Amino acid sequence: MVKEMKMPETAKGALKMEYEPEVDILTIYFKSPETALSHSGEVEPGVILNYAEDGSLSSVEVLDA
């Protein structure tokens, strides 16, 4: 079964992907990488969601990418 996911609205040019090969982490930014974070949570092993201070999704980190 495929679930549909609505992507959060982002400011123009705010979507950015970054891969760090030395630690094998892929980060997908929905807001500026400089956005202050309030909290993070691991939703599945190796998938971390980072939330901005306003509660919106700021970025997703994929470990062992």
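T27 sits in strand 2, which covers residues 25-29. The model is a predicted one. T27 has a relative accessibility of 4% and therefore counts as buried, the limit being under 20%. Outside its neighbours within four places in sequence, T27 contacts two groups of residues. One group is K16, M17 and E18; the other is S59, V60 and E61. E18 is also the residue that stands opposite T27 across the strand pairing.

The side chains of strand 2 alternate. In a regular strand, side chains alternate between the two faces of the sheet. Here I25, T27 and Y29 point to one face, and these residues are buried. L26 and I28 point to the other face and are not buried. L26 has a bridge partner in strand 5, namely V62.

Strand 2 pairs with two strands. Its pairing with strand 1 is antiparallel and runs over five bridges. Its pairing with strand 5 is likewise antiparallel, over five bridges. Strand 1 spans residues 16-20, and strand 5 spans residues 57-63.

The hairpin of strand 1 and strand 2 has four residues between the strands. D24 belongs to this loop. Its phi is positive, near 55 degrees, in a residue other than glycine. D24 has a relative accessibility of 23%, so it counts as partly exposed; the buried class ends at 20% and the exposed class begins over 50%.

A second aspartate also takes a positive phi. D64 has a phi of about 50 degrees, although it is not a glycine. D64 lies in the segment after strand 5. Its relative accessibility is 66%, and D64 therefore counts as exposed.

How are the strands ordered in the sheet? Five strands form an open sheet in the order 1-2-5-4-3. The pairing is antiparallel. Strand 1 and strand 3 stand at the edges. Each of these has a single partner strand, so one side of each is left without a neighbour in the sheet. Neighbouring strands are turned by 20 degrees against each other on average, direction ignored. Strands of a sheet pair through backbone hydrogen bonds, in a parallel or antiparallel sense.

At the strand 3 edge, the partner is strand 4. Strand 3 covers residues 37-44, and strand 4 covers residues 47-52. The two pair in the antiparallel sense over six bridges. Within this pairing, L37 stands opposite A52, and E42 stands opposite I48. The hairpin of strand 3 and strand 4 has two residues between the strands. G46 takes a positive phi there, near 85 degrees.

N50 lies in strand 4. Is N50 buried or exposed? Its relative accessible area is 4%, so N50 is buried. The side chain of N50 makes a polar contact of 2.9 Å with the side chain of E61. E61 is also among the residues in contact with T27. Residues up to four places away in sequence aside, N50 touches L37, H39 and S40. It also touches S56, L57, S58, S59 and E61. S59, too, is in contact with T27.

Which secondary structure elements does the protein contain? It has zero helices and five strands. Along the sequence these follow the pattern β-β-β-β-β. The protein has 65 residues, of which 22% count as buried. Contacts between residues at least 6 apart in sequence were also examined by separation. Of these contacts, 29% join residues at least 24 apart. The accessible surface comes to about 5000 Å². Carbon and sulfur atoms account for 55% of that surface.

Key: Residues numbered from 1 in each chain as written. Predicted model: local features only at pLDDT ≥ 70, side-chain atom pairs only at ≥ 80, totals over all residues. Heavy atoms only, no water. Buried < 20%, exposed > 50% of the residue type's maximum accessible area, 1.4 Å probe, protein only. Contact = heavy atoms within 4.5 Å. Pairing = 2+ DSSP bridges. Axes fitted to C-alpha atoms, helices over the stretch in contact; angles between N-to-C directions. Areas by Shrake-Rupley, 256 points an atom, 1.4 Å probe, with all protein chains shown as cover. Polar contact = N/O pair within 3.5 Å; in protein donor to acceptor, adjacent residues only side chain to side chain.
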